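User: I would like to learn how to read the features of a structure one at a time, with the general idea and then the case at hand. Could you guide me through this one?

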Amino acid sequence: MAISLRTLDDGAWVSVADERRTGVSELWRVRGVCDCPLAEFVVEGITDVAVDGRTVAAGTYGRCIRCGCSTSTTPIPVGRIVDGCYEPIDRDAVRRPVETTRPSDRKR
Amino acid sequence: MRFGGRSKRRDPAIGNADRYPVAPGRIDAEGRFRTLSPPDGNEMPTDVERWKSETYGNEIREHLLEFAEQGWESIPEDERDAWFERFKWWGLYHQRSGQESYFMMRIGTPNGVLEPGQLRVVAEIADEYARGPAENPEFGAAYCDWTTRQSIQLHWIRLEDVPEIFETLEANGLSTQQACGDSWRNIVGCPIAGKDRHEFVDALPVAMDLHETFKGDDDHANLPRKWKVSVTGCREGCGQGDINDLAFEPAEKDGRRGFNVRVGGGLARNEPRFARDIDVFVEPDAVEAVAGGLSALFREYGDREDRYSARSKFLVDEWGAEKVRRVLQEEFVEFELEPAGEDLREEYTYNAGRTGGAAAADLPDGGHNDHVGVHEQADGNYYVGLNVLVGRMGVDDVHELADLADEYGSGEVRLTQRQNVLVTDVPEDRLDAFLAEPLLADYSPAPDPFMRGSIACTGTEFCSLSIVETKNRQVRYARWLKEHVDLPDDVDEFHVHLSGCTASCAQPQIADVSLRGMKTRKDGEPVEALDIGLGGGLGEDPRFAEWVGQRVPADEVPGAIATLIDRFRDRRADGEGFRAFIERLDAEGDLEELIEPAETSYEDPYMHNTKMTWYPYADDDGMDTSPAPARADGTPIPSED
């Protein structure tokens, strides 16, 4: 079984198997995208999608509503493939980019 | 790490031995995620480019009509992303999540001109086909949107109805061709071109020639990204060329009248740019060659690797105006380009900050900030600019407007880039009777400044990108401001543009007050919010708004504008206009003190996350109650889950 994975509508969606599954304008809790211990990150656009094992991740740009930092991110997990089906990550989950551009995080 | 926009589709199944099968991703030796090059056998850099290389342009139409004939469910599930992307070229944009199987349809009306009879056709189509499963509380069950690119948008269009709609449109000289997608979009310009008493050169034949030439031209059908063109010959600057990919602006050289050329403007993606002067003068009969050359240059050198960097503004950033000119000359035109002529920019008045205060006294004859009001045409008749709040008219009103245009004018109606309508060709002796028509009480030629200055994009009602509700909110803002806020007596125009996201379809950066969708927390709860910018506008020296308020809860924005106006009144120099006031305070570093968000008597019913509803105004708006997707008769299609 093949599952397609892509951005759609110029960054409005992560499309999984030709179905719009994760969209912009959501508020995510993310570590490591700004100086806040836990950013509340408004996703304004999805720049790319990728996969890490069973985890589907999306590169994004957006803004933390705690500190106001606007930034582009490395892929942030948005869902997992379980038994061939996509399961979005819970909206309230704490996420961490697969890789960040901050030097401190590169030491992980 | 750069996100390369590479194709993300591969064939192996999820969960097989190599662990990274779906997208071109892998973990490197240090355990970090890396994207990969395109999969073997697929040389297209993105899915969109691959889909375009397979089927694009005019040929989409036969597939579209075939799917329409067989119904929504005939589109193979694994081809829907591709077909919805392609349908855009024919003006159909799949509506957002919760509204599957319904489309927004955009009709391109070059230069905003609706010839006699065409508005009635649009009204009839909206009345019959643009009705969804729920009503909008402000505008009813069916309505037309006039856009900031002088086009028309209808919503809740069903795929199965497209053949009949196309047939009706095309029988009446209208089309949706290239209204969306990666190609020449609707050509904009001065909405009174050819009728303007003061115009420098009649640009309407030029705009229409470009429309005829490049709509459907296979050589220019597949560009790296959208291509927005403005042509204007007026003295006011109302073509808004500065924010287009390609702009022809009036100029004179050695006694010959024509256009100077600018390239690479645009507002989207937090990367606003004004179009750059490439030092080229062109006479009207050579516009087509230069426009085609620049379109071909963009086709050949624009970035197809990364859609986020694909717009022409980024190419001009990279090359500079001088190189654009040189490559255009060397590779894309066969005659010698002339250096730019003398332009008219110092005369510009449109959205130029010259209508308030003392600056108004220096306004050139006929100069105006918009097209609302009663104005004499070159032929002695009049055009009447009617204010359409946020650019949306209920369909009964559109029918009525078509009737009035027939009764009092020639039947022609024109659309402006401020989402308003003009009824043209009204004889002087019919003006009083026309102005007394009841419809004009709602669409006034002399509106309150806040009603007049309001622009809003589509917003979360239908749009996938938007972060907040927009049109109904801006309606409520304008009404509240009209009721509770008084501008200084000598300031009678004031622009407030509300855009739901950074795509900037409401052109927020060129307004007196710029509002852009965001989110924040209020009392611990996530709510819809807006960033607030000040002092943007066009004119001889265009200026983008300065963002001074971040994440202001949407229900506190009217209070912020009220304090802004109070402080403007208190602190302005004698006769100082709003834009000059903002520029002065910006230089003094005091801008952020001008706004003070606060709750007022204004009530906002859309503070919740409207994007998570299937329709923000439905009684039962939960996504799980969505009636979409639906068959042609509106019957919901059951989920297979």
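User: What percentage of the 108 residues in chain A do buried residues make up?

Analyst: Keep in mind throughout that this is a predicted model. A residue is called buried when its relative accessible area is under 20%, and in chain A buried residues make up 62% of the 108 residues. Chain A has 1 helix and 10 strands, and the order from the N terminus is β-β-β-β-β-β-β-β-β-β-α, with the helix following the strands. The area that chain A exposes is about 4100 Å², of which carbon and sulfur atoms supply 44%.

User: How should I read contacts by sequence separation, and what percentage do residues 24 or more positions apart account for in chain A and in chain B?

Analyst: The idea is to take the contacts with a separation of 6 or more and to ask what part of them joins residues 24 or more positions apart; in chain A that part is 37%, while in chain B it is 70%.

User: What does the radius of gyration say about chain B?

Analyst: The value is set against what a compact globule of the given length would have: for 641 residues that is near 26 Å, and chain B has 25 Å, so the two agree. The C-alpha trace of chain B spans about 75 × 65 × 55 Å along its principal axes, and its secondary structure comes to 16 helices and 23 strands. Of the 641 residues in chain B, 64% are buried. As for charge, chain B carries 70 positive and 127 negative side chains, and the centres of these two sets lie 6 Å apart.

User: Which strands does S10(B) pair with?

Analyst: A pairing is read from its bridges and its direction. Strand S9 (residues 229–231) of chain B runs parallel to S10(B) and is joined to it by 3 bridges, with B:Val231 standing opposite B:Phe248. Strand S11 (residues 256–263) of chain B is antiparallel to S10(B), with 8 bridges between them, and strand S13 (residues 342–343) of chain B is also antiparallel to S10(B), through 2 bridges. B:Glu252 stands opposite B:Arg257 in S11(B) and opposite B:Glu342 in S13(B). The hairpin of S10(B) and S11(B) has 2 residues between the strands, and there B:Asp254 takes a positive phi near 50 degrees.

User: Is strand S10 of chain B mostly covered or mostly uncovered?

Analyst: In a regular strand the side chains alternate between the two faces of the sheet. Strand S10 (residues 246–253) of chain B is mostly covered, with 7 of its 8 residues buried.

User: Why is one side of strand S5 and of strand S14 in chain B left without a neighbour in the sheet?

Analyst: Here one reads the strand order from edge to edge, which in this open sheet of 5 strands in chain B is S5-S17-S18-S15-S14, with antiparallel pairing. Strand S5 (113–114) and strand S14 (373–376) stand at the edges and each has a single partner strand, so one side of each lacks a neighbour in the sheet. Within this order, strand S17 (residues 413–415) and strand S18 (residues 421–426) of chain B run antiparallel and are joined by 3 bridges, and the bridge partner of B:Arg414 in S18(B) is B:Leu422.

User: Where is B:Gln150 found, and is B:Gln150 buried or exposed?

Analyst: B:Gln150 is in the loop between strand S6 (143–146) and strand S7 (152–158) of chain B, and B:Gln150 is buried, with a relative accessible area of 0%. Leaving aside residues up to four places away in sequence, B:Gln150 touches several residues, among them B:Asn111, B:Asn186, B:Pro191 and B:Leu415.

Technical notes
Residues numbered from 1 in each chain as written. Chains lettered and ligands numbered in written order. Predicted model: local features only at pLDDT ≥ 70, side-chain atom pairs only at ≥ 80, totals over all residues. Heavy atoms only, no water. Pairing = 2+ DSSP bridges. Helix = DSSP H or I, 4+ residues; strand = E, 2+ residues; numbered from the N terminus. Buried < 20%, exposed > 50% of the residue type's maximum accessible area, 1.4 Å probe, protein only. Contact = heavy atoms within 4.5 Å. Rg over C-alpha atoms; globule rule 2.2 N^0.38 Å. Lys, Arg positive; Asp, Glu negative; His and termini not counted. Charge placed at Lys NZ, Arg CZ, Asp CG, Glu CD. Areas by Shrake-Rupley, 256 points an atom, 1.4 Å probe, with all protein chains shown as cover.
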